[in-house]
Amino acid sequence: MELTGWVKPYEWGKVGISSAVAQMAMANDPDFVLNENETYAEMWMGTHFCGVSIVKETGETLDRVLKKDLPYLFKVLSINKALSIQVHPNKCEAERLHKERPEIYKDDNHKPELAIALTPFVALVGFQPVEDIIDYIDEFQPLSKLIGKEAVDALHQTRNAEELKRNELLDVFNTISADFPGDVGVLSLFFMNLVRLRPGQAIYLGANEIHAYLSGDCVECMACSDNVIRAGLTPKYKDVNQLISSVIFEGKSAQCKVFMPYRIDDTVQVFVPPVDDFAVIHVSIKYIVDTYKLQIQPFGSILLTLTGVRNLKLNTKEGRKQITLTRGSIVYIPVEAAPEIEFEHAEDCNEDFSAYIATFNYFRKA
Ligand SMILES: [Zn+2]
């Protein structure tokens, strides 16, 4: 089944055609009308009720056709301005928060998430090691005043002196503080790791790991949830007390935040997070390759095409089917397609093919 994603115009999104979300939506749907002044922040692919995908052929929603929810939610994000500083609750907290405040925490699921950069991507991820935080406090005296002598002294007692690091922090500081005047959240730059991803690199955020995406485009996969506990850099509701009680206070270096996929062969890499809800397969087929056969397990998957053209051949309930994949194509791959789908060379295509497939995390079980 070919699908149309659900586009979200959050105000932090990139504007007009500069947004990867708008580009994907235009390529996917001939009826999509681009507004050059509109922000296009996210495109959702899946069955979450806040943005369920539509089956192109019939106009039905995907959840109705499947008669169930998928365990994951797949997205494209296009970020112009920092997203809120946030954590996502674990399953147990999510159940409680949803019960107590359903207007803010709209579902009862946890939301571990994986972001894979499509363009150079910048994010704050986790807390820095204590020694690095001390360096910043020593370097920026107003910060030291703000935190208070007692806390600074306590930090110094655990000090493990290291060279003072100079980086591009102040540029990022100036950008964020211009976008969010007066928002105290900008100070999190001095406590969190600034991580830069090249296209294809990824980060994984488990429950209660603090983060804020700052700029760039990515595909993102997560458990099927929209639960966010926010504490800054946002006009949305901030639940600071809840974030402080949930967040994991653990300092680690920026290098250990990059999440590595494992390679199956020259064509396929798999991102396998430590949760059952989802995994992401990256298929990257050179144009000279005639047909590539991908082994899959019998779980419903969603494929998003980024570049190139291929004829996808797969088994369905109604027999063997062929779908031409082009940039922006979103396809639901049914259970019946297992154990193998084929990507056949399309005529007149001399571009390499690239697609991401979100699926249940059967790699973890294996
Ligand atoms: Zn998040």
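**Exercise 1. A strand and its partners**

Task: In this predicted model, find which residue of β25 is the bridge partner of Thr307, and then work out how β20 pairs with other strands.

Solution:
- Step 1. Start at Thr307: its bridge partner in β25 is Ser354.
- Step 2. Now take in the whole strands. β20 and β25 (residues 353–359) run antiparallel and are joined by five bridges.
- Step 3. Look for another partner of β20. Strand β23 (residues 330–333) pairs with β20 over four bridges, also in the antiparallel sense. One residue pair to find here is Leu303 with Val331.
- Step 4. Check how covered β20 is: six of its seven residues are buried, so "mostly covered" is a fair description.

**Exercise 2. A closer look at Leu306**

Task: Decide whether Leu306 is buried or exposed, and list its contacts beyond its sequence neighbours.

Solution:
- Step 1. Place the residue: Leu306 sits in strand β20, which spans residues 301–307.
- Step 2. Count its surroundings. There are 20 other C-beta atoms within 10 Å of Leu306. The cut-off for a buried residue is 20 or more, so Leu306 counts as buried.
- Step 3. Leave aside the neighbours within four places in sequence. Leu306 is then in contact with Arg327, Ser354 and Ala355.
- Step 4. For a sense of scale, try Asp31. Leu306 and Asp31 are 275 residues apart in sequence, and their C-alpha atoms are 19 Å apart in space.

**Exercise 3. An annotated residue**

Task: Find where Arg230 lies and which residues it contacts outside its sequence neighbourhood.

Solution:
- Step 1. Begin with the record: an unreviewed UniProt entry places the feature "active site" at Arg230.
- Step 2. Locate it in the fold. Arg230 belongs to strand β14, residues 229–232.
- Step 3. Test for burial. Arg230 has 21 C-beta neighbours inside 10 Å, so it counts as buried.
- Step 4. Read off the contacts, again without neighbours within four places in sequence. One group is Ser84, Ile85 and Gln86, and the other is Lys236, Tyr237, Lys238 and Asp239.

**Exercise 4. Two domains and their contact**

Task: Describe how the chain is divided into domains and what kinds of residue domain 1 brings to the contact.

Solution:
- Step 1. Write down the bounds: domain 1 covers 3–126 + 176–257, and domain 2 covers 262–365.
- Step 2. Add the spacing. The domain centres, taken over C-alpha atoms, are separated by 24 Å.
- Step 3. Count the contact residues: 22 come from domain 1 and 18 from domain 2.
- Step 4. Ask which elements of domain 1 take part. Those supplying at least two residues each include α1 (20–28), β7 (72–79) and β13 (211–223). The largest share, four residues, comes from β13.
- Step 5. Sort the domain 1 side by type: 19 residues are nonpolar, three are polar and none is charged.

**Exercise 5. The whole chain**

Task: Work out why the chain can be called as compact as a globular protein of its length.

Solution:
- Step 1. List the secondary structure: nine helices and 25 strands.
- Step 2. Compare two values. The radius of gyration is 22 Å, close to the 21 Å that the globule rule gives for 366 residues, so the chain is as compact as a globular protein of that length.
- Step 3. Add the box. The C-alpha atoms fill roughly 70 × 45 × 45 Å along the principal axes.
- Step 4. Look inside: 42% of the 366 residues count as buried. Among contacts between residues at least 6 apart in sequence, 75% join residues at least 24 apart.

Methods. Residues numbered from 1 in each chain as written. Predicted model: local features only at pLDDT ≥ 70, side-chain atom pairs only at ≥ 80, totals over all residues. Rg over C-alpha atoms; globule rule 2.2 N^0.38 Å. Buried ≥ 20, exposed ≤ 12 C-beta atoms within 10 Å, placed from the backbone. Contact = placed C-beta atoms within 7 Å. UniProt positions renumbered as here; feature names shortened; annotations may be inferred. Pairing = 2+ DSSP bridges. Domains from an automatic or database assignment. Nonpolar A, V, L, I, M, F, W, Y, C, P; charged D, E, K, R; others polar.
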